[in-house]
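Student: I am new to this structure and would like to go through it step by step. Could we begin with the terms and then turn to the model?

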Amino acid sequence: TDDYRSGVIATQHLIEQGCKNPVFLSPSDRLSVCNRRYEGFKSALLSTQLPQRKDRFIMVDCHDRGESLTAQLKTVLQNDLSVDGVVASVEDIAIHCYLACKELNILIPDRLQIIAFTTINTADIFSPTLTTITQPAFETGREAATILFDLIDKKQPKPNPAPVILPSILIKRASTRAVTPG
């Protein structure tokens, strides 16, 4: 998938919904997929009039997916009350972001809007439902299998050097919505 473009789309969506201070949450600064999404996030922010801040990339430790991750996200949200949007680079972060918001009595999307990259089909059971950039996991696997079988059957002597890029899809749900001035 085009993770850079998906990062742009996710961030633009938050900005269009009225977010002025979104952050990008990632489990690592060494995962190329997360880095490409973050580059898209930064690019989308640069195209706006929003103030540029260096602390928009926040790394959280996802190895302990229990209370530790929720506690880290609570700290992030408590330390900077201006954060009004989250781009969660992986679904675990979004799940624990919801838990942190619940414990801190932060209303989604009134106070904090959340969008996540995911392949899960459970976004509709979140309350409020989770806006997602859905990755085409099945199609990716099918395309990879087709290439592999072509190599095995020698229909193609070597891998095609042209990358196959499958589109991701923004699915707008209730965790993001336009902020009304009040």
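Tutor: Before we start, a contact here means heavy atoms within 4.5 Å. Please also keep in mind that this is a predicted model.

Student: Among contacts between residues at least 6 apart in sequence, what percentage join residues at least 24 apart?

Tutor: With a contact taken as heavy atoms within 4.5 Å, we set aside pairs of residues that are not at least 6 apart in sequence. Among the contacts that remain, the share joining residues at least 24 apart is 76%.

Student: How many helices and how many strands does the protein have?

Tutor: Read along the sequence, the pattern is α-β-α-β-α-β-α-β-β-α-β. Counting its elements by kind gives five helices and six strands.

Student: Are the residues on the two faces of strand β5 buried or exposed?

Tutor: In a regular strand, side chains alternate between the two faces of the sheet. For strand β5, residues 131-134, this places T131 and I133 on one side and T132 and T134 on the other. Buried means under 20% relative accessible area, and these four residues are all buried.

Student: Which residue in β6 is the bridge partner of I133?

Tutor: Strand β5 pairs with strand β4, residues 113-118, in the parallel sense over four bridges, and there T118 stands opposite T134. With strand β6, residues 169-171, β5 pairs in the antiparallel sense over three bridges. In β6, the bridge partner of I133 is L170.

Technical notes. Residues are numbered from 1 along each chain as its sequence is written. This is a predicted model: local features need pLDDT of at least 70, side-chain atom pairs count only at pLDDT 80 or more; totals for chains, interfaces and linings use all residues. Side-chain values use heavy atoms; hydrogens and water are left out. Buried means under 20% relative accessible area, exposed over 50%, partly exposed in between (1.4 Å probe, protein chains only). Two strands pair if DSSP finds at least two bridges between them.
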